[in-house]
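Here are my notes for anyone opening this structure for the first time. Have the sequence and the 3D view side by side as you read.

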Amino acid sequence: MKLVHTAKHPTEAHLIKGMLEAEGIRSIVRGDQLYGAYGELPILPTVWILDDTLAAHADRLVIEFLRGSAAQRYRHERWTCPRCGEMLEGQFTDCWKCGTPRARPS
Ligand SMILES: [Zn+2]
């Protein structure tokens with residue numbers, strides 16, 4: 001077994017486990033049941049893979065997954081058109097006023 005990710009909360013740990021399993025990598029979440037238990041220090045949930053030989057592949061998938069969810073958050077944020085200064089909602093990819101495309105997240 002190999003640790004592939006320490007999650008900030010159980011939801012994230014289970015999302016990553018689900019993603020890994022969808023890719024055919026058997027994995028487990030540890031520590032999620034202890035999270036936030038009354039009177040206990042919170043223990044961060046961890047995601048482990050059962051087959052160590054898949055570690056490099058799993059690492060890459062986790063990084064891509066985390067980047068993807070960061071990009072998703074970004075998409076829902078409001079943005080300002082760099083050309084005309086119009087405030088736009090996150091779902092717009094181009095300024096509706098002047099047509100300038102939104103800058104990609106770096
Ligand atoms: Zn504009």
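1. A word on terms before the metal site: a donor here is an N, O or S atom within 2.8 Å of the metal, and water is not among the atoms, so a site may look incomplete. With that in mind, look at the zinc ion: its protein donors are the SG atoms of Cys81, Cys84, Cys95 and Cys98, lying 2.3 Å from it. Please remember throughout that this is a predicted model.

2. What is the geometry of the site of the zinc ion? It is tetrahedral, and the angles among the four donor atoms run from 102 to 118°. For reference, the ideal angle for four tetrahedral donors is 109.5 degrees.

3. The spacing of the donor residues is worth finding in the sequence: it reads C-x2-C-x10-C-x2-C. Cys81, in the loop between E4 and E5, and Cys95, in the segment after E5, are 14 residues apart, and this pair links distant parts of the chain. Are these two cysteines buried or exposed? Cys81 is buried because its relative accessible area is 3%, and Cys95 counts as buried too, at 4%.

4. Now two threonines in this part of the chain. Thr80 belongs to strand E4, residues 79-80, and has a relative accessible area of 42%, so it is partly exposed. Leaving out residues up to four places away in sequence, Thr80 touches Gly85, Glu86 and Met87. From the C-alpha atom of Thr80 to that of Gly90, ten residues along the chain, the separation is 9.8 Å.

5. Thr100 sits in the segment after strand E5 (87-88). With a relative accessible area of 13%, Thr100 is buried; the cut-off for that is under 20%. Beyond residues up to four places away in sequence, Thr100 touches Trp79, Cys81, Pro82, Arg83, Asp94 and Cys95. Two of the zinc donors, Cys81 and Cys95, are therefore among the residues that Thr100 touches.

6. Stepping back to the whole chain: the protein has two helices and five strands, and along the sequence they follow the pattern β-α-β-β-α-β-β. Of the 106 residues, 27% are buried. Among contacts between residues at least 6 apart in sequence, 43% join residues at least 24 apart.

7. Try strands E2 (residues 27-30) and E3 (residues 46-49) next. The two run antiparallel and are joined by four bridges, and Ile28 has Trp48 as its bridge partner in E3. Which face of E2 is covered? The covered face holds Ser27 and Val29, while Ile28 and Arg30 make up the uncovered one.

8. The largest nonpolar core has 14 residues, and Val4, Leu20, Val47 and Ile49 have the most contacts inside it. Helix H1 (10-22), strand E3 and helix H2 (55-75) each supply at least two residues of this core. As background, nonpolar side chains tend to be buried together in soluble globular proteins. Setting aside neighbours within four places in sequence, Val47 is in contact with a long list of residues, including Leu3, Val4, Ala13, Ile16, Leu20 and Val29.

9. Last, confidence. The average pLDDT of the protein is 85, and 83% of the residues score at least 70. Which elements mark the two ends of the range? E3 has the highest mean pLDDT, 96, and H2 the lowest, 84. Where pLDDT is low, the predicted coordinates should not be read in detail.

Methods. Residues numbered from 1 in each chain as written. Predicted model: local features only at pLDDT ≥ 70, side-chain atom pairs only at ≥ 80, totals over all residues. Heavy atoms only, no water. Buried < 20%, exposed > 50% of the residue type's maximum accessible area, 1.4 Å probe, protein only. Contact = heavy atoms within 4.5 Å. Donors = N, O, S within 2.8 Å, 3.2 Å for Na, K, Ca; no water. Tetrahedral: all angles 85-135°; square planar, octahedral: opposite > 155°, others 65-115°. Pairing = 2+ DSSP bridges. Core = buried A, V, L, I, M, F, W, Y, C linked by side-chain atoms within 4.5 Å. pLDDT = per-residue confidence, 0-100.
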